[in-house]
Amino acid sequence: MTIASQQREENAVARHLIDAGDHYIGPVAAGQTIRIVDVEGNEAADTLFFNAADPSERYSAVDTVREQGKVYLTTGTELRSNLNNVMLTISADTCGRHDTLGGACASESNTVRYDLEKRYMHSCRDNWMLAIANHPEYGITKRDIAHNINFFMNVPVTANGELYFDDGISGPGKYVEMVAEMDVVVLISNCPQLNNPCSGFNPTPLGVLIWD
Ligand SMILES: [Zn+2]
């Protein structure tokens, strides 16, 4: 369901631009609101959330899908952890729905899906690994990297239960906004994928804004 935000951009306490193919990691305190913006449209924001106090508690696609009884994420969705706690709630969404089934691109999946020579292409999993290696202060290790949310990505489930990686339903300036229900660390890969339509074959920047 699309609902616009009441937040004013000029009141944001932090704003970041994630360059095409780049990544972002940072804290969001309980009660703060985080907005992710699809600046030019048709981008995919491969996102993970961790409990800031204990990163072994992290976003869980399975718990989120089961508890809401629905596979797509949108306004009102409670993003749940592997301990079934609510980490964040989606409070506004101008895109309409987001994927949490399709997973993230990796050098291994690029090799299997596309070609042996794609192995060395830039991928979301490599972005996450670089982010946690450069920011040991968050205590996130390789084993904490699990299933993710693909904000702005369109992976419809067909009538016979198949997943279909489709062209985006997002557009320039569309955004999704969440209120943190606990202190979290957000880790975003601005998907650099060039082999399927999840970034429109043309990766572009993402925006991040945070309000108190
Ligand atoms: Zn990706």
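Start by selecting helix 1: Ala61, Asp63, Thr64 and Val65 are its buried residues. Keep in mind as you click around that this is a predicted model.

**Stop 1: helix 1 and its surroundings**

Helix 1 covers residues 61-68, and Ala61 belongs to it. Now show strand 5, residues 78-80, next to the helix: the buried residues of helix 1 pack against this strand. An α-helix has 3.6 residues a turn, so residues three or four places apart point the same way.

Zoom in on Ala61. Its relative accessible area is 8%, so Ala61 counts as buried. Which residues does Ala61 contact, leaving aside its neighbours within four places in sequence? Select Thr100 and His147 and you have them. For a distance to check in the viewer, pick the C-alpha atoms of Ala61 and Asn82: they are 8.4 Å apart, with the two positions 21 residues apart along the chain.

Then slide to the far end of the helix. Gly69 follows helix 1, and its phi is positive, near 65°.

**Stop 2: two asparagines with positive phi**

Most residues other than glycine have a negative phi, and most peptide bonds are trans. With that in mind, select Asn84. Its phi is positive at about 65°, although Asn84 is not a glycine. You'll find Asn84 in the loop between strand 5 and strand 6, the latter being residues 86-93. Is Asn84 buried, partly exposed or exposed? Its relative accessibility is 27%, so Asn84 counts as partly exposed.

Next, select Asn42, another non-glycine residue with a positive phi, again near 65°. Asn42 sits in the loop that links strand 3 (33-38) to strand 4 (45-51). Leave Asn42 highlighted, as it turns up again at the next stop.

**Stop 3: the loop between strands 7 and 8**

Color the stretch between strand 7 (149-151) and strand 8 (174-180), then pick Ser170, which lies in this loop. Despite the loop setting, Ser170 has 14% relative accessibility and so counts as buried. Show side chains here: those of Ser170 and Asp38 are joined by a polar contact of 2.7 Å. What else is in contact with Ser170, setting aside neighbours within four places in sequence? Besides Asp38, select Asn42, Cys95 and Phe152.

Stay in the loop and move to Met153, which also lies between strand 7 and strand 8. At 6% relative accessibility, Met153 is buried too. Draw a line from its C-alpha atom to that of Asp167, 14 residues away along the chain, and you should read 8.1 Å.

**Stop 4: Ser189 in strand 9**

Jump to strand 9, residues 184-190, and select Ser189. How accessible is Ser189? Its relative accessibility is 0%, so Ser189 counts as buried. Expand the selection to see what surrounds it. Not counting residues up to four places away in sequence, Ser189 touches Asp22, His23, Ala44, Ala45, Asp46, Cys124, Asn127 and Trp128.

**Stop 5: out to Lys142**

Now turn on the surface and look for Lys142, in the loop between helix 3 (124-134) and strand 7. Lys142 has a relative accessible area of 58%, so this residue is exposed. Leaving aside neighbours within four places in sequence, Lys142 is in contact with Arg125, Met129 and Ile132. For a long view across the model, select Val13 as well: the C-alpha atoms of Lys142 and Val13 are separated by 30 Å, and the two are 129 residues apart along the chain.

**Last stop: zoom out**

Switch to cartoon view for the whole protein. You should be able to count three helices and ten strands. Tracing from the start of the sequence, the order is β-β-β-β-α-β-β-α-α-β-β-β-β. The radius of gyration is 16 Å, close to the 17 Å that the globule rule gives for 212 residues, so the protein is as compact as a globular protein of that length. Along the principal axes, the C-alpha atoms fill a box of roughly 45 × 40 × 35 Å.

Color by burial next: 53% of the 212 residues count as buried. If you plot a contact map, take residues at least 6 apart in sequence; 76% of the contacts between them join residues at least 24 apart. On the surface, the protein exposes about 9,400 Å², with carbon and sulfur atoms supplying 50% of that area. Finally, color by charge: there are 15 positive and 28 negative charges, and their mean positions are 3 Å apart.

Terms used
Residues are numbered from 1 along each chain as its sequence is written. This is a predicted model: local features need pLDDT of at least 70, side-chain atom pairs count only at pLDDT 80 or more; totals for chains, interfaces and linings use all residues. Side-chain values use heavy atoms; hydrogens and water are left out. Helices (H or I, at least four residues) and strands (E, at least two) are DSSP runs, numbered from the N terminus. Buried means under 20% relative accessible area, exposed over 50%, partly exposed in between (1.4 Å probe, protein chains only). A polar contact is a pair of N or O atoms within 3.5 Å; within protein, one must be able to donate a hydrogen and the other to accept it, and residues adjacent in sequence count only if both atoms are side-chain atoms. Contact means heavy atoms within 4.5 Å. The radius of gyration is taken over C-alpha atoms; the globule rule is 2.2 Å times the number of residues to the power 0.38. Accessible areas come from the Shrake-Rupley method with a 1.4 Å probe; for residues, only the protein chains shown count as cover. Lys and Arg count as positive and Asp and Glu as negative; His and the chain ends are not counted. The place of a charge is taken as NZ of Lys, CZ of Arg, CG of Asp or CD of Glu.
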